[in-house]
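Work through these exercises with the structure open beside you. Try each task before you read its solution.

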Amino acid sequence: MLELTQRLIDAAEGGAPVLLAVLVDPGPLQLPPGARLLVEPDGRTLGTLGDPALDAAVARAAPGLFSRHGARTLYAAGETLAERHTEGAPAIYVEVVEARPTFLVVGAGHIGRALARLANFLGYRVAVIDDRPDFADPALIPEADEVICDDFEAALERFPIGPSTTIVLVTRGHKQDELSLRKCLGRGAAYLGMIGSRRRTTAVLDHLRAEGFPETELDRVRTPIGLDIGAETPEEIAVSIVAEVILLRRGGTGAPMYYRARRSATPARS
């Protein structure tokens, strides 16, 4: 279907994301594998998997799938979709098709450069902004797709920010962070974080609150940023920040995945 294919192209090139569902294994249903269904963020659909019940199950699951991004194979279980494989159940491949996400680093110091390396490794389009020519040097940040040397406010006003943009403010001081944050609030970024101590970042948010910025927007600012992993070096701090970005993007909990099996004590032999 030409319309369906064009919608996928639009999503991949920066349009609104769309959920693609492909029937991989029809199970007991007499349906052709490869049938496709698209679900829009507002719930509208295009195409069909060949069965109204399957289409409805995908549409019901779509909001949660959009929030997790990525791709997976799900299995029809009554009126729902399950991740656990069920013998004989129809299998459906689902993928959120969207533009390559952007990781915008505001500040090209040691932490900013470490963030650029990590974000590039994770497949983001990386952009870095700094107002110092000695820092905003592409030779120092080869992993960045774009390095912008300009006044922070001016550069952020021009920069396209949207639901696929992650923004991390790691400038050289709270004044630059506050000026930059003003230009980022209310623009719908997927993640907006600002580095700094609790005291300093609270003062910045209090200034913006006094200026009339909506509480709902200020509540979306992650600050201080990162997960508490005891990070000390710029690279470790960057890992803690990126880990939080992944956690929020994929819907994780941050809880340790390690567990220790209980072992019954074996009585010592006399």
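**Exercise 1: the parallel sheet**

Threonine 166 stands opposite tyrosine 191 in β11. This comes from a predicted model. Task: find the strands around this residue pair, and then find the helix α3 that packs on the sheet.

Solution.
Step 1. Take strand β10, residues 165–169, and strand β11, residues 191–194. They pair in the parallel sense over four bridges.
Step 2. Widen the view. Six strands form an open sheet with parallel pairing, in the order β9-β8-β7-β10-β11-β12.
Step 3. Look for the edges. These are β9 (146–149) and β12 (221–222), each pairing on one side only.
Step 4. Add the helix. Helix α3 (residues 110–121) packs on the sheet and touches β7 (102–106), β8 (125–130) and β10. The direction of α3 makes about 175° with that of β7.

**Exercise 2: the aromatic pair**

Task: the structure holds one aromatic pair. How are the planes of phenylalanine 103 and tyrosine 124 arranged?

Solution.
Step 1. Note the distance. The ring centres of phenylalanine 103 and tyrosine 124 are 5.3 Å apart.
Step 2. Note the angle. The two planes stand at 85°. Planes over 60 degrees apart count as edge-to-face, so this pair is edge-to-face.
Step 3. Place the partners. Phenylalanine 103 lies in strand β7, and tyrosine 124 lies in the loop between α3 and β8. The pair therefore ties together parts that are 21 residues apart in sequence.

**Exercise 3: the antiparallel sheet**

Task: which strands are the edge strands of the sheet β3-β2-β1-β6-β4-β5, and which helices lie against its strands?

Solution.
Step 1. Read the order. This open sheet has six strands and antiparallel pairing.
Step 2. Take the ends. The edge strands are β3 (45–47) and β5 (80–82), and each pairs on one side only.
Step 3. Check the turn. On average, neighbouring strands of this sheet are turned by 30° against each other, direction ignored.
Step 4. Inspect one edge. Strand β4 (residues 71–77) and β5 run antiparallel and are joined by three bridges. Tyrosine 75 stands opposite alanine 82 in β5.
Step 5. Add helix α1 (residues 2–12). It packs on the sheet, touching β1 (18–25), β2 (36–39), β3 and β6 (91–97). The direction of α1 makes about 50° with that of β2.
Step 6. Add helix α2 (residues 52–68). It lies across β1, β2, β4, β5 and β6. It runs at about 130° to β1.

**Exercise 4: two helix pairs**

Task: describe how α3 packs with α8, then how α5 crosses α6.

Solution.
Step 1. Start with what to look for. Two packed helices are described by the angle between their axes and the distance between the axes.
Step 2. Apply this to α3 and helix α8 (residues 234–250). The angle is about 55°, and the axes are 8 Å apart. The two helices are therefore oblique to each other.
Step 3. Give the hand. α3 passes α8 in a right-handed crossing.
Step 4. List partners. Among them are Ile111, Leu115 and Leu118 of α3, and Ile237, Ile241 and Val242 of α8. By class, the contact has ten nonpolar, one polar and two charged residues.
Step 5. Turn to helix α5 (residues 174–184) and helix α6 (residues 198–210). Their axes come within 10 Å and cross at roughly 40°. α5 and α6 are therefore oblique too, and their crossing is right-handed.
Step 6. Name the residues. His174, Asp177, Glu178, Leu181 and Arg182 in α5 meet Arg200, Val204, Leu205, His207 and Leu208 in α6. They divide into four nonpolar, two polar and four charged.

Definitions and conventions:
Residues numbered from 1 in each chain as written. Predicted model: local features only at pLDDT ≥ 70, side-chain atom pairs only at ≥ 80, totals over all residues. Heavy atoms only, no water. Axes fitted to C-alpha atoms, helices over the stretch in contact; angles between N-to-C directions. Parallel < 35°, antiparallel > 145°, perpendicular 65-115°, else oblique. Left-handed = near helix turned anticlockwise from the far one by under 90°. Contact = heavy atoms within 4.5 Å. Nonpolar A, V, L, I, M, F, W, Y, C, P; charged D, E, K, R; others polar. Pairing = 2+ DSSP bridges. Phe/Tyr/Trp six-rings, centres within 6.5 Å; stacked < 30°, edge-to-face > 60°.
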